[in-house]
Structure formats: C-alpha cells, structure tokens
There are 2 protein chains.
Amino acid sequence: MAQTTSTRREALRQTLLDIAEARIAHNGLAALRARDLAQEAGCSVGAIYNVYDDLNGLVMAVNGRTFQALGQAVGNSIKDDDGHSPTDTLIRMSHAYLGFAAENTNLWRALFDLEMSADSDVPDWYMEALNQLFAYIAAPLVQIFPDLDKTDLDLMTRALFSSVHGIVTLGLEKRISGVPLPQIERMIALVLSSLSGK
Amino acid sequence: MAQTTSTRREALRQTLLDIAEARIAHNGLAALRARDLAQEAGCSVGAIYNVYDDLNGLVMAVNGRTFQALGQAVGNSIKDDDGHSPTDTLIRMSHAYLGFAAENTNLWRALFDLEMSADSDVPDWYMEALNQLFAYIAAPLVQIFPDLDKTDLDLMTRALFSSVHGIVTLGLEKRISGVPLPQIERMIALVLSSLSGK
DNA sequence: GCCTCATATTGAACGGTGTTCAATATTGCA
DNA sequence: TGCAATATTGAACACCGTTCAATATGAGGC
C-alpha cells in the first residue's frame with residue numbers, strides 16, 4: 001500500500017481538526033486540552049505534535065474553517081441585492097456578521113482570542129479572508145461617499161468593520177453591555193443608518 | 001503597637017497592587033506570575049492569597065485603578081467644552097479614550113481580557129465606571145438626536161461606545177487592522193462626523 | 001518583661017497544563 | 001522475508017495557580 005503513512009497522517013489531521021472544532025464550539029477555546037483531544041481521537045498526545053506544530057497551529061486551522069464560513073455567511077447575505085440602498089446592504093451584511101457570531105460564538109471568539117506570538121505569524125489566508133470582508137464593505141461605501149479618496153475610503157471601510165465588530169463583541173458579552181439579539185441588530189442599524197444622513 | 005498585623009496586611013495589599021500594575025503595564029496580563037510577584041514584593045507566594053482571593057482578584061484591583069484613570073482621562077477631555085458642537089465633544093472624548101488605550105495598552109487590555117467566571121462576579125464599581133462612561137456619551141447625543149426616545153438613546157449610547165471601542169481595539173492590534181495612531185483618530189472622526197449629517 | 005495561646009505566615013507539595021524525546025513499534029523496500 | 005529507516009508513543013519535564021500542615025509571630029494578662 002503506497003502512501004499509507006502519509007495518508008494516515010492526513011486522516012489524523014482531519015480528525016483532530018473536527019474534534020478541536022467541536023470542542024471549541026461547545027466549551028470554548030480556553031477549555032481545549034491536548035490530552036482530551038488525544039483521547040477522543042484515539043491517539044497519543046505526541047501524535048498531535050506530529051501533524052501540527054502545537055495546539056496554536058491546530059486552533060489556527062480551526063480558525064481557517066471558521067473564517068471561511070464567516071465569509072460565506074456575509075457573502076450570502078448580499079446575494080441578489082439589487083434594488084437595495086447601499087446603506088441597506090451594509091446593514092444586511094452586518095446583521096449576517098452578528099448572526100454568525102451569535103450562532104457560533106465560541107468559534108468566532110477564537111478568531112480574535114488566539115494569541116499570535118510574532119507579527120509575521122499571521123498566515124496569509126487570515127489576511128486574505130479579512131481583506132475579502134473589507135471588500136464587501138467597500139463596495140456599498142463608494143456609493144454612499146462617492147467623493148472620498150482612496151485613503152479615506154480604506155480608513156472608513158476598516159472603521160465600519162471595527163465599529164460593527166465592537167458592537168457585536170460587547171453586545172454578546174454579558175458583563176459589558178449584554179443585550180438581547182434584536183437590540184444588537186437595532187444598534188447596528190442605528191449607527192449605519194446615520195451614515196447616510198439619518 | 002496596635003493594628004500592626006492588619007496594617008501590615010494593608011501595606012502588602014498596596015505593594016502587590018503596585019507591583020502587579022507595573023508588571024501588567026510592562027509585560028502584559030498574560031505574563032503575570034504569582035512567584036514573580038512574591039519575589040519582587042519580598043513575601044511568600046502564600047501571602048498573596050492572604051490578602052487577595054486569587055490572582056484574578058488582584059488583577060481586578062488593578063483594573064479598578066485603571067478604570068478610574070480612564071474615566072478621568074475621558075472626563076478631562078471635555079472640561080470647559082463650551083462652544084463646541086456635540087459631535088466635536090464626542091470626537092474629543094473618543095480621542096481621549098484612544099490616547100489612554102495607546103499609552104496604557106496592556107493595562108487597558110486587562111480591563112476586557114480578564115475572564116469573569118460567573119455573571120455576578122462583575123463588581124459594582126466595574127458597572128458604575130462603565131455607566132459613567134456611558135453618561136459622558138449620552139449628554140452630547142441628546143443634542144444631536146433630540147427626538148430619540150429613552151430606549152433608543154440608550155442603545156445609541158452603547159452602540160457608539162462599542163463602535164469607538166472596536167475601532168481602538170482593532171486599530172491597536174497589528175495583525176487585524178493595525179494603523180498609525182493619527183489614522184485611528186481619523187477613523188473615529190470619520191464615523192462620528194457622519195452621525196450629524198457629514 | 002514574660003509566658004501562653006491564638007493567629008498569621010510560610011513554602012514545599014499538589015494537581016493541572018503544553019510540550020518533548022528516548023524508547024518502541026511499524027513501515028516500505030531490496 | 002529481513003532489515004534499515006521512519007513513524008509513534010507516553011512517561012517525563014518545566015511551569016503554572018493554588019493549598020495547607022508546619023512554623024513563626026503576634027497580642028494580652030500577669
């Protein structure tokens with residue numbers, strides 16, 4: 001049997017990815033344990049380090065999946081968006097972002113909670129996924145602010161993403177400003193509506 | 001000497017508070033170690049647990065100081081603000097918030113990074129400090145949106161705080177959307193200016 | 001001042017974590 | 001089939017926050 005060993009490696013990679021994703025989704029990133037993973041995967045603890053650099057690497061792989069799903073959720077929300085105002089488009093995307101974060105809170109949190117040791121440790125796909133989100137936002141923005149130059153448009157794009165991200169983050173965090181989901185939706189709508197003059 | 005023992009306890013509380021604050025400010029919350037604290041304070045590791053419930057309790061005490069300083073920084077920024085538009089007031093407060101976060105990044109991060117195990121673990125002063133910040137925001141907001149009812153005003157207040165918080169958070173985080181400080185200031189100004197119709 | 005006992009302080013030990021690497025088992029090939 | 005090369009293992013390591021039996025110190029009555 002050719003490739004047996006590398007095939008098994010790849011299978012273990014997938015298995016660990018699935019298990020880690022399920023465990024993070026269910027119990028949160030902080031509850032992820034190497035020994036638990038090994039037991040559920042039916043392998044030794046050392047085996048994890050054969051197929052991933054460390055637990056961070058495994059979590060990064062989970063984040064890759066999560067980011068892709070997040071991008072799809074946002075992208076789907078503006079399929080066939082003809083006939084809607086750019087402000088409406090922004091609101092619908094933001095609500096999709098909120099919906100994804102609310103339904104996958106632990107996985108979504110892991111996207112931002114994972115510590116990246118150095119600057120260059122941020123993988124390419126991470127920045128690309130982020131830039132795709134930015135691109136979604138920039139499109140309706142040029143319609144709302146046609147006279148903004150490229151620099152300011154980029155700043156405004158990042159500012160709006162950060163704003164919505166902040167509202168979602170603190171809104172889902174009970175201790176800070178926890179409110180029911182419909183109220184968070186309204187907060188987003190209030191801020192984004194005021195962009196185009198009320 | 002009367003009170004010797006309880007006086008010494010209080011002195012140790014203060015000493016540990018100062019040391020913990022300095023260490024968090026310098027190396028970040030994640031680098032705080034019980035054994036390091038004990039060594040620098042010249043006490044045993046167990047002594048920490050005589051005057052604080054656990055390390056979380058100590059960090060909460062540090063956060064109390066930080067929150068107070070943050071409140072002062074924001075409050076000072078709108079001293080004698082007569083003659084300025086409400087939008088300008090919002091911008092100045094937000095820039096003060098950004099300035100504090102930029103100059104005390106690690107301490108400011110600890111305010112939000114510390115895990116609170118249960119819901120009721122959030123101390124009163126934490127919510128009060130937060131409500132004070134909200135009050136600062138609400139005042140200029142009623143001028144900008146006089147016809148907003150109390151519920152929407154409250155939502156708008158929290159939404160704006162969260163927005164600025166999001167811009168500052170991601171702006172200071174290199175991997176996500178790290179940009180120079182003046183650009184973060186501009187992002188805040190762009191979003192807040194658009195509130196009152198460009 | 002001194003003895004006594006209640007109280008405060010200590011730091012080695014405990015249970016837990018992520019990670020490693022010498023020892024073992026397995027594979028793929030002549 | 002035999003054997004070198006490789007893959008896998010899990011006990012051991014370093015380090016963490018936290019505890020608690022043992023020790024040292026305190027304060028009050030004589």
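# Two chains and two DNA strands

Visitor: Which helices of chain A and chain B each supply at least two residues of the surface near DNA strand C?

Guide: In this predicted model, both chains contribute helices to the surface near DNA strand C. From chain A come helix H1 (4–27) and helix H2 (34–41), each with at least two residues. The helices of chain B that do likewise are helix H1 (4–27) and helix H3 (45–51).

Visitor: Which element gives the largest share of the surface near DNA strand C?

Guide: By class, that surface has seven nonpolar, six polar and six charged residues. Among the 19 residues that surround DNA strand C, the closest are Leu32(A), Arg33(A), Arg35(A), Tyr49(A) and Ser44(B). The largest share, four residues, is given by H3(B).

Visitor: What percentage of the atoms of DNA strand C within 4 Å of the protein belong to sugar or phosphate?

Guide: Bases do take part: a polar side-chain atom of Arg35(A) lies 2.8 Å from a base oxygen of DNA strand C. A base nitrogen of the strand is 3.5 Å from an N or O atom in the side chain of Arg35(B), and a base nitrogen is also 3.5 Å from a polar backbone atom of Gly46(B). Of the strand atoms within 4 Å of the protein, bases make up the rest once sugar or phosphate is counted, and the sugar or phosphate part is 65%.

Visitor: Which residues come nearest to DNA strand D?

Guide: The surface near DNA strand D receives at least two residues each from H1 and helix H3 (45–51) of chain A, and from H1 and helix H2 (34–41) of chain B. H3(A) gives the most, with four residues. Of the 19 residues around the strand, the nearest are Ser44(A), Leu32(B), Arg33(B), Arg35(B) and Tyr49(B).

Visitor: How many Å is a phosphate oxygen of DNA strand D from an N or O atom in the side chain of Tyr49(B)?

Guide: Side chains from both chains lie by phosphate oxygens of DNA strand D: for an N or O atom of Ser44(A) the distance is 3.0 Å, and for one of Arg8(B) it is 3.4 Å. For the side chain of Tyr49(B), the corresponding distance is 2.7 Å.

Visitor: By what angle is chain A turned when laid on chain B?

Guide: The superposition gives an RMSD of 0.1 Å, with a shift of 0.0 Å along the axis. The two copies are thus related as by a two-fold rotation axis. The same surface serves both copies, since 100% of the contact residues of chain A recur in chain B. The turn itself is 180 degrees.

Visitor: What area do chain A and chain B bury between them?

Guide: The contact draws 38 residues from chain A and 38 residues from chain B. Carbon and sulfur atoms carry 65% of the area buried between the chains. That buried area is about 3,400 Å².

Visitor: With which residue does Arg186(A) form a salt bridge?

Guide: Two salt bridges are counted between chain A and chain B. In the one formed by Arg186(A), the closest N and O atoms are 2.4 Å apart. The partner is Asp152(B).

Visitor: Which element gives the largest share of the side of chain A that touches chain B?

Guide: Elements giving two or more residues to that side of chain A include helix H6 (105–113), helix H7 (124–144) and helix H10 (181–193). The largest share, 13 residues, comes from H8(A).

Terms used. Residues are numbered from 1 along each chain as its sequence is written. Chains are lettered from A and ligands numbered from 1 in the order in which they are written. This is a predicted model: local features need pLDDT of at least 70, side-chain atom pairs count only at pLDDT 80 or more; totals for chains, interfaces and linings use all residues. Side-chain values use heavy atoms; hydrogens and water are left out. Contact means heavy atoms within 4.5 Å. Buried area is the accessible area (1.4 Å probe) that two parts lose on being put together, summed over both. A salt bridge is a side-chain nitrogen of Lys or Arg within 4 Å of a carboxyl oxygen of Asp or Glu. A residue is near a molecule or strand if one of its heavy atoms lies within 4 Å of it. A polar contact is a pair of N or O atoms within 3.5 Å; within protein, one must be able to donate a hydrogen and the other to accept it, and residues adjacent in sequence count only if both atoms are side-chain atoms. Ala, Val, Leu, Ile, Met, Phe, Trp, Tyr, Cys and Pro count as nonpolar, Asp, Glu, Lys and Arg as charged, and the others, Gly among them, as polar. Copies are superposed by least squares on the C-alpha atoms of residues with pLDDT of at least 70 in both.
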